[in-house]
Amino acid sequence: MRGFSTFSIVLLYIATILIDGYILATILKYSSAKRRKVWTILYEVFSVMGVALVTQICCWRGGSEGSSLNALMWMLYIYFSIYVPKFIYLLISVASHLCGRFFCRKRNKIGYYGSVAGAAVAVLMCAGMWIGVLYTRKAIEVNEVEVVSPKLPAAFDGYRIVQFSDAHVGTWGNDTSFISELVNEINALKPDLVLFTGDIVNRNTEELRPFVEVLGRIKAKDGVISVLGNHDYGDYMTWDNDEAHKENNQLLHTWEKVMGWDLLNNDYRYIVNGSDSIAVIGVENWGEPPFHQYGRLKESYLPTGDAASDLNDDRFKILLSHNPEHWNREVTNISNIDLTLAGHTHAMQSEIRLFGWKWSPAVFRYPYWGGLYTRQNHTGSVSNLYVNIGCGEVGIPARFGAAYPELTLITLRSEK
């Protein structure tokens, strides 16, 4: 990302000036003559600060392609947390004035009350946006789920798995405090196994450097198993050459090994308990356009060399696949995998919950966006999907409503 187009720069300036101009005119209209000068000076100062912020955003170049986008992210968030509420105020105020002009004789009172209501809504919206930064994105939530299967060996009845996903550590810069708290929460759950379902960074592996030691503190009896997400391949950057891109990706593999994590790239592991075992399969990112397609499920689990029968054997199988659409489009159509764990959606970092009902704008993009889903696979047996809404953020440093950073505690139960 090297800057903004001329059109976007002009649009941003025009929007800023028009919004501030309208609000200043409204303030002058409803303030007394004695206070107009004071209000004018105060608001002009804030307007100049707004224009200065727009200028800084538009002039941003970000240094090298390897540099962090955090500075730009915060500037944009500050701008939109101020001017989106102002725009909402403008819409409510204009609507009330038009209503007063065409439908009500007391046009001045309707316009005034509309402006007051608009100001109240704008203040609440601004406060909500900053609650998402200062509180919601740090309020870790543990969701407990039981998965029951007749295929689960008795030795694994009560087996505890912690899933976490989409850490996007680059959004935190060098601040390790949240990730450290997250690790403490994981360890406090005393899991038998920890599974990470991708997107540990935003753009490049260097973002992980401050967090290697912290994430290496995760403890579980059977260790930590991970897969890659779409952000982990360095595909969101322009590299000087292919070699630099490959070195970036190899460094991620190296650091996950240093952390003690077992990274599965279209591969599998057996988890053994006594004389029984279950399989954990990990595919690379299975991305529908515009994301790259790296996942190879048929090549990921070949204990006998026959993909068709192996993916449908009698062993209890857990699949780690970053994108939940993989379960929807392929997994249930060619395998009897019992439990698929995914992330990716973030619930678009916005979620509403009311009396057991939940909704997220992510539903317009992903039919399976958060929580536990169950349906029959092609063999007629039950296939489960759990979509973790992630513990990090990308794009904006905030989570809204009930979209808290998630840890999922999955307890396996055998029907036997």
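## Hairpin, sheet and salt bridges in a predicted model

Strands S6 and S7 form a hairpin in which 2 residues lie between the two strands, and glycine 274 in the turn has a positive phi of about 65°. The coordinates discussed here belong to a predicted model. Strand S6 covers residues 267-273 and strand S7 covers residues 276-282, and the two pair in the antiparallel sense over 7 bridges. Within this pairing, isoleucine 271 stands opposite isoleucine 278 of S7.

**The chain as a whole**

The protein chain contains 10 helices and 15 strands, and its C-alpha atoms fill a box of roughly 85 × 50 × 35 Å along the principal axes. Of the 416 residues in the chain, 49% are buried, while the chain exposes about 19600 Å², of which carbon and sulfur atoms supply 61%. When contacts between residues at least 6 apart in sequence are considered, 73% of them join residues at least 24 apart.

**An open sheet and the loop before strand S10**

Three strands form an open sheet with mixed pairing, in the order S11-S10-S14. Strand S11 (357-359) and strand S14 (400-401) each have a single partner strand and stand at the edges, so one side of each is left without a neighbour in the sheet. Strand S10, residues 350-354, pairs with S11 in the antiparallel sense over 3 bridges, and arginine 353 has lysine 358 in S11 as its bridge partner.

The loop between strand S9 (339-342) and S10 holds histidine 344, a residue with a positive phi of about 75° although it is not a glycine. Alanine 347 lies in the loop between S9 and S10 as well, and here too phi is positive, at about 55°, in a residue that is not a glycine. Histidine 344 counts as buried because its relative accessibility is 10%, and alanine 347 counts as buried because its relative accessibility is 0%.

**Salt bridges**

A search of the whole structure finds 15 salt bridges, including the three pairs tabulated here.

| Acidic residue | Basic residue | Closest N and O atoms |
|---|---|---|
| Glutamate 206 | Arginine 209 | 2.8 Å |
| Aspartate 222 | Lysine 221 | 3.0 Å |
| Glutamate 351 | Arginine 353 | 2.9 Å |

In the first row, glutamate 206 is partly exposed at 39% relative accessibility, and arginine 209 is partly exposed at 48%. Lysine 221 counts as exposed at 54% relative accessibility, whereas aspartate 222, with a relative accessible area of 24%, is partly exposed. Glutamate 351 is buried at 5% relative accessibility, while its partner arginine 353 is partly exposed at 36%. Elsewhere, Arg137, Glu393 and Arg399 are linked in a network of salt bridges.

**Helices H1 and H2**

Helix H1 comprises the 25 residues 6-30, which at 1.5 Å a residue should span 36 Å; its end C-alpha atoms are 37 Å apart, so the model agrees with this expectation. The buried residues of H1 are Leu12, Thr16, Ile19, Asp20, Ile23, Leu24 and Thr26.

A nonpolar patch on the surface is formed by Val38, Trp39, Ile41, Leu42, Val45, Phe46 and Met49, which together have about 680 Å² of accessible area. One member of this patch, leucine 42, is placed in helix H2, residues 33-58, and leucine 42 counts as partly exposed because its relative accessibility is 42%.

Definitions and conventions
Residues numbered from 1 in each chain as written. Predicted model: local features only at pLDDT ≥ 70, side-chain atom pairs only at ≥ 80, totals over all residues. Heavy atoms only, no water. Patch = residues over 30% accessible without salt bridge, like charges linked within 9 Å, V, L, I, M, F, W, Y side chains within 5 Å. Areas by Shrake-Rupley, 256 points an atom, 1.4 Å probe, with all protein chains shown as cover. Salt bridge = Lys/Arg side-chain N within 4 Å of Asp/Glu carboxyl O. Helix = DSSP H or I, 4+ residues; strand = E, 2+ residues; numbered from the N terminus. Buried < 20%, exposed > 50% of the residue type's maximum accessible area, 1.4 Å probe, protein only. Pairing = 2+ DSSP bridges. Expected span 1.5 Å × (residues − 1). Contact = heavy atoms within 4.5 Å.
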